[in-house]
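Here's a quick briefing to read alongside the coordinates. Overall build comes up front, and then one helix gets a closer look.

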Amino acid sequence: MGTWDVGPFDNDTAADFSGDLDEAPEGEREGIIRDALLRTIGTRDYLDQDIAVEAVAAAALVAAQ
């Protein structure tokens, strides 16, 4: 069963993104966050929900810094 709520990390896709980020070597984390944000910028038509959720989580991490 999936988890959903209104916070930037309150769903399964964002939780998976966070887990991947935690498991990544420290030197690769910035690139993972950057890629999540750039995928949304590169979208020309329909923005897939999974891409959008990862971008929101990445933006929340940047804002927290």
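Going by its 65 residues, a compact globule should have a radius of gyration near 11 Å, and the protein chain comes in at 12 Å, which agrees. Keep in mind that this is a predicted model. As for what it's built from, the protein chain has 3 helices and 0 strands, running α-α-α from the N terminus on.

**Overall build**
- Along its principal axes, the C-alpha trace of the protein chain spans about 30 × 30 × 20 Å.
- Take the contacts in the protein chain between residues at least 6 apart in sequence: 45% of them join residues at least 24 apart.

**Surface and interior**
- Buried residues account for 20% of the 65 in the protein chain.
- The protein chain exposes about 4700 Å², with 53% of that supplied by carbon and sulfur atoms.

**A closer look at α3**
- Helix α3 takes in residues 49-64, so 16 residues by the expected-span rule of 1.5 Å a residue give 22 Å, and the helix reaches a close 23 Å from its first C-alpha to its last.
- At the N-terminal end of α3, D48 does the capping: one of its side-chain oxygens sits 3.1 Å from the backbone nitrogen of D50.
- Which residues of α3 are buried? They are V53, A55, A57 and A58.
- Cover for the buried residues of α3 includes α1 (12-23) and α2 (26-41).
- As a reminder on helix geometry, an α-helix has 3.6 residues a turn, so residues three or four places apart point the same way.

Notes: Residues are numbered from 1 along each chain as its sequence is written. This is a predicted model: local features need pLDDT of at least 70, side-chain atom pairs count only at pLDDT 80 or more; totals for chains, interfaces and linings use all residues. Side-chain values use heavy atoms; hydrogens and water are left out. Helices (H or I, at least four residues) and strands (E, at least two) are DSSP runs, numbered from the N terminus. Buried means under 20% relative accessible area, exposed over 50%, partly exposed in between (1.4 Å probe, protein chains only). Contact means heavy atoms within 4.5 Å. A polar contact is a pair of N or O atoms within 3.5 Å; within protein, one must be able to donate a hydrogen and the other to accept it, and residues adjacent in sequence count only if both atoms are side-chain atoms. The radius of gyration is taken over C-alpha atoms; the globule rule is 2.2 Å times the number of residues to the power 0.38. Accessible areas come from the Shrake-Rupley method with a 1.4 Å probe; for residues, only the protein chains shown count as cover.
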